[in-house]
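Subject: Handing over the structure

Hi,

Here is the structure I promised to pass on. Have a look at it, then read my notes underneath.

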Amino acid sequence: MQMLSETDEETLSSSPKRFSSFIARKEVQQALRAWVFWAVTLGGLGYLFIPHLMSDSASQTMDIVKSTFMTFYYASVPVAAVVLGIATQTVLHNRHTGTTPPPDENPAIETNQMANIVWVMISSVLCVFLLVWGLVVENVVAEPSRAANAMVVNVTGQQWVWTFNYPVAHKDTNELYLPVDQPVIFKVQSKDVTHAFWIVQMGIKINANRGEITETAVTPNKIGVYDVRCAELCGLLHAHMQTRVHVVSKANYEKWLAEQGSVEQWPAS
Amino acid sequence: MTTQTHDVLHHESAATVGVRDRQGVLLLVLADAAFALSVVFSYFYLRMGNTSNGWIPVDGGTADKMNSWIVVGALIVSALLFRLGFKATSLSNKGRSLACYSLSGVTMLLATGIQLDQILHIPFGVSEGTYSSCYYLITYTNLIHLVLTAFIVLGIANRDRLGLLNSEKRWHPLVSNIWLNWVVISATLGAICTMYVK
Amino acid sequence: MASELITEDTTRHSANKSVGIIRHLNFGTAIIVGALSAVTVNRIATKLIIEGDETWRRHDQIVMATMLAWFIGFMTGIGALVGPTRWFFGKDLNHDEAMFLAGKDMGLKRYFRYTTDHKVVGIQYLILTISLFFIGGVLAMLIRTNLGHASGGLIPPQVYNSIVGFHGLIMIIATIIMITGPFGNFILPIMIGARDMAFPRLNALSFWLVISVLPILAATIALGGIPMGWSGYNPLADQGPLGVDSYIFTIVIFAISSAVAGANITTTAMKMRARGMNWSRTPLFVFGTVASVALALPAFPVFMLSQVMSAMDRSFGANFFNPEFGGSAWLYENLFWIMGHPEVYVILIPAVVAIMEITPVFARKPLFSFNMAIVGIFGIVGLSIFVWAHHMYISGWAPLLNGPFMLTTELISIPTGLLFLVILGTIWRGSVWTRLPMLSVYAMLFNFIIGGVTGIFLSDVPEDAALHGSMFVTAHFHYTLMGAGLTGALGALAYWFPKMTGRMLDEKLGRISFWLVQVGFTVTFFGMFAVGLMGQPRRVEAYDIIFRNGNLISTIGAYTIFIGMLILLSAVITSWRNGEIAGPNPWGAQTLEWMTPTPVPLENFEVLPVVTSNPYQYGIKQESSS
């Protein structure tokens with residue numbers, strides 16, 4: 001059974017009048033101020049710190065990872081600010097201390113249809129937004145895997161070292177060399193347990209499984225040296241299963257590829 | 001069963017307690033069914049995946065597809081007998097119920113024996129591939145079911161012999177009947193799996 | 001289903017003589033019988049199991065046999081088999097025996113026996129939970145001490161990986177039982193107006209099953225530890241030493257314990273509510289606890305299967321997870337995560353509903369939108385079955401399914417949002433009675449929003465490709481399971497402490513602990529979000545120098561949490577022994593457990609109550625619409 005407060009009753013009558021009278025209420029004003037405080041604080045802190053924490057970007061994929069993170073963050077700031085704003089308002093203005101319970105004189109509001117509806121609607125809109133964004137970026141991030149001129153590098157993970165094989169040149173290395181602006185498809189597998197091949201600054205990661213070949217793809221777009229790490233606990237030296245990826249100009253890459261000799265693989269233990 | 005506590009301490013009627021027993025058994029069946037369905041899922045996952053063509057190796061053995069159905073058959077007989085026994089209990093007909101429960105128990109022991117014998121004569125080792133691993137898993141877990149259920153059926157028969165069952169106190173056989181039906185279903189699921197070999 | 005008053009008609013039954021073997025069985029006999037069985041079987045197995053080509057498998061078989069013998073011996077020694085045996089032989093319990101089993105007039109001894117009284121089991125679970133958190137917390141301190149030191153590397157990786165795995169396993173067990181164990185057992189039956197749970201002996205069983213595996217878990221220290229995380233991924237687990245067999249055994253027994261407890265709690269809530277307590281008058285705590293255990297009921301057996309398969313692979317050479325012979329690591333991951341995702345809601349939901357039970361009492365306002373709370377809880381439970389592969393986005397298993405799983409995962413944000421709506425709607429325009437339990441309400445709101453939002457980042461497939469397997473994930477799930485979950489449990493502890501122990505929990509120490517824990521928690525895990533964003537993988541004992549500051553900050557926060565927790569522990573101990581005596585209803589709450597005297601009598605109610613309204617009748621009713 002719903003008990004409606006006087007002000008809630010008004011919500012059933014004319015829209016703009018009840019909205020402005022709702023906003024004008026003291027506690028709503030207080031909550032709005034708290035909301036603004038939290039939105040600015042959280043938004044500001046995020047703006048100041050988060051972009052610096054995330055690695056430098058060496059691919060469009062990583063750019064998307066970063067922009068997704070920031071977008072989702074800014075989208076969630078107003079939501080978090082609602083939660084924190086309401087909590088703050090109550091703590092600042094309705095506190096009751098002592099060992100006896102508070103007097104039983106609060107409004108016995110058991111529900112509020114408007115609040116329920118608005119809440120569900122906003123959650124749903126946000127959810128749809130997240131989903132659409134997710135599907136779109138998933139598609140963009142998959143572009144390198146569809147590129148006609150993609151090169152292939154075979155990646156083998158084993159306890160506890162990465163080996164890269166360049167099928168065209170029959171070359172095996174322990175450090176990855178890639179030409180800039182060239183889509184590359186990694187075909188990844190493992191010799192023993194499950195590892196995860198992760199190029200941190202390019203924002204790609206895929207498990208390395210024994211008996212299966214998995215794929216991920218990216219187009220490095222910045223020359224530099226980046227980190228390859230293992231992201232799936234694989235036993236004793238998981239923390240040290242790291243190597244580097246060198247993104248170089250096309251010319252330098254061709255030169256490197258032509259160099260004689262393969263790196264000896266770490267013998268399987 | 002544990003609900004004797006409520007019978008004896010709180011003087012609640014057999015029906016009140018029995019309804020809870022039934023609910024409890026249904027929930028335990030739900031848990032067990034999750035396990036069984038996961039076994040079925042795994043069987044077909046591995047068969048479809050056939051990683052490295054390892055589902056059944058080139059010279060690998062397979063079991064006779066009828067094997068599991070023989071066990072299922074014995075189980076069905078046991079379950080039908082038990083149900084007849086339960087009907088007799090509901091009518092407080094001790095002579096008939098005791099005969100049915102006893103025969104059901106004997107058949108259950110027979111089913112257990114057959115399953116055990118089949119296990120001892122599986123024509124391949126567990127390591128041959130994933131089919132063999134699944135086959136061992138299915139047969140051994142079925143065996144565990146059978147042993148547990150034989151205990152329950154024989155327990156019901158014994159309790160009937162001691163005069164503890166009648167139309168009012170029929171809840172233990174009622175609940176055991178539910179369990180028994182589930183054991184039949186789960187054995188059937190296993191048998192269906194083993195029909196799909198190559 | 002009104003019950004009569006209990007009359008102890010001792011003339012009708014013969015006295016203690018009829019109690020039989022049960023009176024001699026207790027924790028001590030359990031350990032003795034368990035140890036003797038284990039040693040005997042170990043000797044026999046060592047002789048019988050023939051040395052072959054695969055000696056490593058032989059050791060697994062011996063260890064498995066030994067553990068099984070311990071387990072059966074322990075459960076026999078505690079008296080778990082007495083029930084089924086007596087049932088088989090038609091020797092049903094008489095009144096005296098039932099009273100004996102319920103622990104009547106036994107004093108403290110009843111906590112060390114196979115006691116059926118739900119209040120005893122609740123206290124047993126409370127002590128167990130506190131102990132598990134303590135051990136898990138010490139392990140966490142070892143982890144953080146290692147990671148706070150330079151670039152880590154203080155503890156050798158073999159040991160470190162085991163510590164991480166055990167920290168995870170012990171905390172997962174602890175968080176699963178932390179509310180349904182102590183409060184689901186002690187409080188829930190009283191809250192619904194019943195005299196005990198539906199299956200009192202199964203209640204004792206579920207508790208002692210967990211106790212039986214603790215020595216097995218401890219034995220891993222001597223068996224080489226575990227190389228994998230608590231998630232037990234194969235094929236890594238297959239490589240592991242004998243300690244992995246302990247892990248496997250623990251999971252299997254724990255799954256059985258959970259199933260038993262789940263059947264018990266669900267049946268109790270569905271069939272034993274007091275007269276007049278229809279579903280719309282049933283406290284939310286009951287709904288949430290039932291939702292949690294009913295979700296666990298079909299979920300944990302799937303994990304159990306994965307461990308049975310792992311045991312078969314290790315001990316008998318099966319190939320479930322061996323790709324050369326047809327097996328697949330993805331099969332393991334699917335089985336694990338089909339359990340693994342529902343499991344986090346098994347942990348979270350009781351904490352949320354405990355907070356929802358606390359909030360109206362301390363805000364002095366009805367629970368806002370009871371129906372929305374139900375929709376939220378059951379929406380989460382229902383959807384949670386369809387999201388598991390968001391843990392497998394980068395596994396390579398089924399890339400085409402990533403999109404659908406992203407959809408289902410993001411949908412969960414909607415029912416989750418409803419839970420916030422209910423709590424916020426309750427505190428809005430209500431009082432804020434700043435006692436200990438209310439502090440947890442606010443802490444949960446703060447932590448849960450952060451935990452939930454960071455989950456949304458991870459649910460986005462390309463985002464997950466960057467963040468999966470990094471410390472960001474670790475921070476996210478600590479925020480949800482510990483920041484929201486454990487906070488809710490601590491609130492529940494402060495709230496129900498007076499009813500369970502007859503004393504008030506020390507407010508002053510509780511507050512100091514609260515602030516240390518919450519501030520420390522924020523510092524710890526924001527440091528962790530930071531290094532995760534920067535690219536530090538999880539489950540590493542050493543790291544690149546760039547992660548140094550973040551780890552140092554996390555470690556400082558962790559020490560703060562630990563100090564806060566120790567203060568809380570000391571508050572619990574001192575308050576329990578000589579805290580302020582509590583009246584029957586110190587909070588002025590309306591759920592039925594507060595209507596009994598404290599301490600609660602053996603059979604809870606002299607006369608079973610009849611319920612006429614929901615328990616959130618606070619505040620001044622507004623004028624109704626005409």
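Below is what I found, going through chain C's two interfaces and then a pair of helices.

A little housekeeping to begin with. This is a predicted model, where local features need pLDDT of at least 70, side-chain atom pairs count only at pLDDT 80 or more, and totals for chains, interfaces and linings use all residues. Residues are numbered from 1 along each chain as its sequence is written, chains are lettered from A and ligands numbered from 1 in the order in which they are written, and side-chain values use heavy atoms, with hydrogens and water left out.

Chain A with chain C: 92 residues of chain A and 97 residues of chain C are in contact (heavy atoms within 4.5 Å). About 7,900 Å² is buried between chain A and chain C, with carbon and sulfur atoms giving 64%; buried area is the accessible area (1.4 Å probe) that two parts lose on being put together, summed over both. The interface of chain A and chain C has three salt bridges (a side-chain nitrogen of Lys or Arg within 4 Å of a carboxyl oxygen of Asp or Glu). One of them joins A:Glu27 to C:Arg429, at 3.5 Å from N to O.

Chain B with chain C: here 52 residues come from chain B and 59 residues from chain C. The area buried between chain B and chain C is about 4,700 Å², and carbon and sulfur atoms account for 68% of that. You'll find one salt bridge across this interface of chain B and chain C: B:Arg159 pairs with C:Asp92, their closest N and O atoms lying 2.8 Å apart. On the side of chain B that touches chain C, helix 1 (4-10), helix 2 (14-49) and helix 5 (130-161) of chain B each give two or more residues (helices are DSSP runs of H or I, at least four residues, numbered from the N terminus). Helix 2 of chain B gives the most, with 18 residues.

Inside chain A, how do helix 2 and helix 3 cross? The axes of helix 2 (residues 15-24) and helix 3 (residues 26-53) of chain A come within 5 Å and cross at roughly 70°; axes are lines fitted to C-alpha atoms over the stretch in contact, with angles from 0 to 180 degrees between N-to-C directions. So helix 2 of chain A is roughly perpendicular to helix 3 of chain A (65 to 115 degrees). A:Phe22, A:Ile23 and A:Ala24 of helix 2 meet residues of helix 3 including A:Val28 and A:Leu32.

Cheers

Note on methods
Angles under 35 degrees count as roughly parallel, over 145 as roughly antiparallel, 65 to 115 as roughly perpendicular and the rest as oblique.
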